[in-house]
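Work through the two exercises below with the model open. Try each task before reading its solution.

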Amino acid sequence: MIWSLLTGVVRKDLLRAWSDPAGLLITLCIPLAIGGLMTMATGGSDGPTPKARLLVVDEDDSIVSQFLVGALGRGEGGGVIDAELVEPAVGRSRIDAGEASALLLIPAGFGRALLDETPSELQLLTNPAQRILPGILQETLEMGVDAAFYLQRVVGPQLRTLRDAISSDDAQVAAFPEAEVARLSIEMRRAIQRVESYLFPPAIELSVEAAPTAANEAAPKPSYGLLFFPGVVLMALFFAAQNQSEDLWRERRLGTLRRAMSASALSARSLLFGKVLAGVVVLGGLVAVVLALGAAYHRLPLAVLPAAWLWATVAGGVLLLLMMLVQLHASSQRGAAILSSALVFPLLMVGGSFFAFEAMPSWMASIGRYTPNGWALERLKDILLQRSDAAALAVALGVAGLVGGVLLLVCARAMRRFATR
């Protein structure tokens with residue numbers, strides 16, 4: 001009898017969800033629209049990972065400024081920075097026309113000021129039409145400022161002495177004592193030896209990799225659109241979970257929760273379990289649609305879709321329980337809507353749904369990967385890119401099941417009070 005009552009709850013909730021096709025359609029269309037726009041803006045399914053185009057005006061033309069430009073050009077930002085030297089007028093006109101992410105102005109005397117530890121200012125003019133890429137440039141330059149500070153602490157006096165010798169005339173350079181050169185070399189070597197274990201990686205590293213096969217040798221580097229696609233799936237799941245969780249307040253307002261508990265043998269825990277099952281069914285159908293569209297557009301192998309569907313559906317169930325937890329502990333329906341929105345949008349922003357982790361500053365991506373949706377997103381990405389095996393999927397499912405079980409117990413304790421108050 002309990003099973004028939006439980007299936008009745010599931011059937012009732014599925015009919016309620018089906019009676020609101022507009023809500024399901026909006027839940028599906030918003031993530032797909034955002035994902036489609038982002039994919040087209042980055043060159044489509046085969047488009048390259050976006051690069052921050054940095055225009056540099058070097059008015060100093062010193063060894064220090066040349067080293068800075070060279071470091072940026074080598075990809076200090078993880079291979080996403082493309083630095084180009086330009087004339088001042090050309091640089092300003094191009095940044096005004098929106099042809100670059102930012103314009104860096106290196107003033108005359110910058111190198112000497114850096115070595116002498118006197119004030120100097122680098123100007124970074126960013127493109128207001130872009131957000132993430134200029135942020136990467138700013139973060140990279142701030143890291144460079146920190147690196148220059150610590151370099152001064154280690155070998156600053158020796159660098160200034162050598163600078164003075166190199167900038168002198170030929171007669172003074174020729175008269176520079178060999179003993180002084182030897183002393184400076186020894187001092188710099190000792191200073192670097194004190195910190196080299198923190199600054200430099202080992203000269204030889206052991207890397208164990210699987211033997212290359214024809215399949216993985218021919219596998220192309222994933223496009224930014226494909227890297228962004230798992231975020232679209234998690235965004236759709238989060239919106240759908242939020243919408244499904246709000247049904248608790250709709251049923252409470254109609255009085256159906258109280259009547260269901262008083263007119264049947266169902267406990268509050270069983271009633272909640274039925275609603276969670278119905279929500280997971282809805283989320284599973286939504287995931288199937290999004291994955292089918294994404295697989296067709298990005299030409300994903302069909303073999304990865306069953307595992308991707310299973311993982312995304314389980315992750316969606318955990319997100320549903322998280323949203324239900326918010327709804328059950330809110331003091332009003334309006335308060336629940338505010339709380340859930342305040343939780344969803346920051347998590348989507350940091351968790352890789354609005355911007356792929358590969359385009360974020362490293363510190364932000366590190367935080368995002370530890371959010372619930374960010375962690376689920378990375379597992380889904382590994383499945384879609386065929387970087388995960390059955391054992392890794394089983395471990396991830398076990399962790400998700402454990403977290404979901406804890407959330408279910410917490411929600412069940414709050415369900416009776418919520419339904420009867």
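Helices here are DSSP runs of H or I with at least four residues, numbered from the N terminus. The model is predicted.

**Exercise 1.** Place Ser65 in its helix, then decide: is Ser65 buried or exposed? Which backbone nitrogen does its side chain reach at 2.9 Å?

*Solution.*
1. Find the element. Ser65 sits in helix α3, residues 63-73.
2. Check accessibility. Buried means under 20% relative accessible area. Ser65 has 0%, so Ser65 counts as buried.
3. Look for polar partners. The side chain of Ser65 reaches the backbone nitrogen of Ser62 at 2.9 Å. A polar atom of that side chain also lies 3.4 Å from the backbone nitrogen of Asp61.
4. List the contacts. Leaving out residues up to four places away in sequence, Ser65 touches Asp58, Asp60 and Ile106.

**Exercise 2.** Test the length of helix α15 (residues 333-350) against its expected span. Then work out where its buried residues lie around the axis.

*Solution.*
1. Compute the span. The 18 residues, at 1.5 Å a residue, should span 26 Å. The end C-alpha atoms are 26 Å apart, which agrees.
2. Pick out the buried residues. They are Ala336, Ser340, Val344, Leu347 and Leu348.
3. View α15 down its axis. The buried residues fall within an arc of 100 degrees, so they line one face of the helix.
4. Recall the geometry. An α-helix has 3.6 residues a turn, so residues three or four places apart point the same way.
5. Turn to the face away from the buried side. There α15 carries exposed Arg334 and Ile338.
6. Identify the cover. Helices over the buried residues of α15 include α10, α11, α14 and α17.
7. Step past the end. Just after α15, Gly352 takes a positive phi of about 90 degrees.

Terms used
Residues numbered from 1 in each chain as written. Predicted model: local features only at pLDDT ≥ 70, side-chain atom pairs only at ≥ 80, totals over all residues. Heavy atoms only, no water. Helix = DSSP H or I, 4+ residues; strand = E, 2+ residues; numbered from the N terminus. Buried < 20%, exposed > 50% of the residue type's maximum accessible area, 1.4 Å probe, protein only. Polar contact = N/O pair within 3.5 Å; in protein donor to acceptor, adjacent residues only side chain to side chain. Contact = heavy atoms within 4.5 Å. Expected span 1.5 Å × (residues − 1). Arc of directions from axis to C-beta.
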